[in-house]
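Q: Could you walk me through one part of this model up close? Start with how the strands line up, then carry on to whatever sits beside them.

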Amino acid sequence: MADHPSLSIGILITLAWRNLWRNYRRTLIMLAAIVVGVWAMILFSAMMRGMLDEMVHAGLRVLPGEAQIHHPQYRDDPSIANSLDAPQGELLQALNTPPITAWTSRVKVPGMISSERDNRGVLLLGVDPAGEIALGFQRENIVEGRFLESSEDKGIVIGRKLAERLETQLGKRVVIMSQSPDNEVVDKGVRIVGIYKARLQATEEFFVYVGRSHLQKMLLVGDQVSEIAMTADNYQDVDKWWPDIAAVAGAQTSTEPWMKLDGYLNSMLEVQGNMNIVIMVVIFMALSFGLVNTLVMAVFERIREIGLMMALGMQPLWILYQVLLESLMLLALGLVVGNLLAAITILPLESGIDISIVGEGLEMAGMGSMLYPTLAWQDMLMSTAVVLVLGLLASLFPAWRASRYNPTEALGKI
Amino acid sequence: MSAVSCKNLCKTFHQGDQIIKGLDDVTIAINKGEFVCLSGPSGSGKTTLLNAMGGLDAPDSGEILVGDHRVDQLSKGKLADMRLQNIGFVFQAYNLIPVLTAQENIEFVMQVQGLPKSERRQKSKAILEEVGLAGHEDRRPAQLSGGQQQRVAVARAIVSDPTLVLADEPTANLDSVSAAQLMALFSSLNAERGVTFVIATHDQRVMEYCRRIIRMEDGKIIADEQQAGRGAGK
């Protein structure tokens, strides 16, 4: 006897497509469920992506820099003793070469700030204002007075909340105090020239800005700095370039990307990324029951027809393919419409959704009052993969059942 | 030469605690070009024998030979192939695939056989004309009368020149005029194309067309008679 005839895909496509529309109401209801499911998956992912993006940006804005260079001991002991030389030579050249778009160096040491009424532990940031602005400090955040004008600026810029705690105000003098490399207490009286606002109260209370040269002189460290911070076009691409910077920075330094510098932010990103997949799977698993039900009903209604096709010589495997193809067509239609609907819904929202009504709570998570959903092809691809894989897996049972019928039994059914 | 032969076929069914003999040591040979009726009351075993000959149902024991193929020894997939290449079926009802047109229903078997489209079109048009349904190509089964549906089923059964056509109560759902037209069609196909027909029926009008009548009762062959028959076959 001849081998099995080769699969005639044409007849399978014709049968699957026409069978799909035999009970068009049922098909449309199932299609609507898949469309809504796909749309919900992508919309949810876009919201999460926007939220995470905002969290990362907010995190990077606290102390800007997608990668930072420190003394190897600095992260364990952020004292002035663990300082670096200002960048020069090969490192300086690398910092001024793409993909690095901006960089700056800072003196960053713990210290005390005292007004005539109160005192607080703070992080003293000796900065070059031009470099900070290039890295993302926004002048609009200065709510009173001005930002520093140069690294020699003798003024201080403090947060709104810190001013409140110290019961001081713009124009008043405060004393900042820290330790020199010789462990001697050093201090200086400075005038408040600006007050800034931040998303987080903790930021306003903890970070104070002074001119870098001014702080270096106070701490008696010459040109030494605590950190060199740099940024490029996209924080997600940091892995592509930070190892090159680490190589030229040398073994006497420690270069780390933002994911390592802010472990909390990174683990949040990982958790949320995995949550996305879990939620997509859960949404579609719920839908799968509907899909299985639709296909089981469709197969049950056609038992005699399936028996007839088998009697006429159709291979059982082809029956299985036919039911799977029917499911694939339904899923593909749902995916196309669902993806289109998601794009139509999300693209206009990319300019931002005002969520200030729940803003207070979100601030605790490092987010602002605006949410910027982001339509990403990765999310569309992921939801497509989840729907196709789970959908076809769910369809296997009814398809297998259909292919297992005995022709005479099937022909004898109602 | 035999189109189909069965030797010592046995088949039992279980109905509650009862064991019913569907086929009880049936031995029969049907030659190519014969026009045969299997007759007998309900439950006599004629449909069971027809299903066994067509490889739709496996016997408990015995041998079935269709052409050169030992049907009782074939796997499920090989049985499907054997049916596809050698046997045409006409059932009592639900003969056509509802979502396909008359022409597509006729082409179904040829498409599964893998014949090219041009050949399928040519053969299906010719056979539709032969069974008197020219102009009905694009109608779906629901748009055809019962008699027309059976004619499409007959056209599908013979279009790929099978060794054997098995028909199970093909006239049961037809009025007398349609039934006579269908039997006349069977007869002429048998006479002109030499197609072997085995028809299970208890309809006396159908039996009148057959040249050989095999009578069954309780799963056994009780008579095997030749008659003149109204058909023009052998």
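**A look at the pairing**

A: Let's start at one pair of residues: A:G155 sits across from A:R191, which is in strand 7 of chain A. Bear in mind that this is a predicted model, where local features need pLDDT of at least 70 and side-chain atom pairs count only at pLDDT 80 or more, while totals for chains, interfaces and linings use all residues. As for bookkeeping, residues are numbered from 1 along each chain as its sequence is written, chains are lettered from A and ligands numbered from 1 in the order written, and side-chain values use heavy atoms, with hydrogens and water left out.

That pair belongs to a parallel match: strand 5 (residues 155–159) and strand 7 of chain A are joined by five bridges. (Strands are DSSP E runs of at least two residues, helices are H or I runs of at least four, and both are numbered from the N terminus; two strands pair if DSSP finds at least two bridges between them.) Strand 7 of chain A also pairs with strand 4 (residues 142–145) of chain A, this time antiparallel and over three bridges. There, A:I142 faces A:Y196.

Then there's strand 6 of chain A, which runs antiparallel to strand 7 of chain A over seven bridges. A:M177 has A:D187 as its bridge partner in strand 7 of chain A. These two strands make a hairpin with five residues in between, and A:N183 in the turn has a positive phi of about 60 degrees. If you're following side chains along, remember that in a regular strand they alternate between the two faces of the sheet.

The loop between strand 6 (173–179) and strand 7 (185–196) of chain A is also home to A:S180. A:S180 has a relative accessible area of 2%, so it's buried (buried is under 20%, exposed over 50%, partly exposed in between, with a 1.4 Å probe and protein chains only). Leaving out residues up to four places away in sequence, A:S180 touches A:I80, A:V186, A:L219 and A:L220; contact here is heavy atoms within 4.5 Å.

Hop over to chain B for another hairpin. Strand 4 and strand 5 (residues 69–70) of chain B pair antiparallel over two bridges, with B:L65 partnered by B:R70. Two residues lie between these strands, and B:G67 in the turn has a positive phi of about 60 degrees. On top of that, strand 4 (residues 61–66) of chain B is joined antiparallel to strand 1 (residues 2–15) of chain B by five bridges, where B:S5 stands opposite B:L65.

Chain B has a buried serine to look at too. B:S178 is in helix 6 (residues 176–193) of chain B, and its relative accessibility is 15%, so it counts as buried. B:S178 is 104 residues from B:L74 in sequence and 37 Å from it in space, C-alpha to C-alpha.

Zooming out, chain B has seven helices and ten strands. Its radius of gyration is 17 Å, close to the 17 Å from the globule rule for 234 residues, so chain B is as compact as a globular protein of that length. (That radius is taken over C-alpha atoms, and the rule is 2.2 Å times the number of residues to the power 0.38.) The C-alpha trace of chain B spans about 50 × 40 × 40 Å along its principal axes, and 56% of the 234 residues count as buried. Among chain B contacts between residues at least 6 apart in sequence, 67% join residues at least 24 apart.
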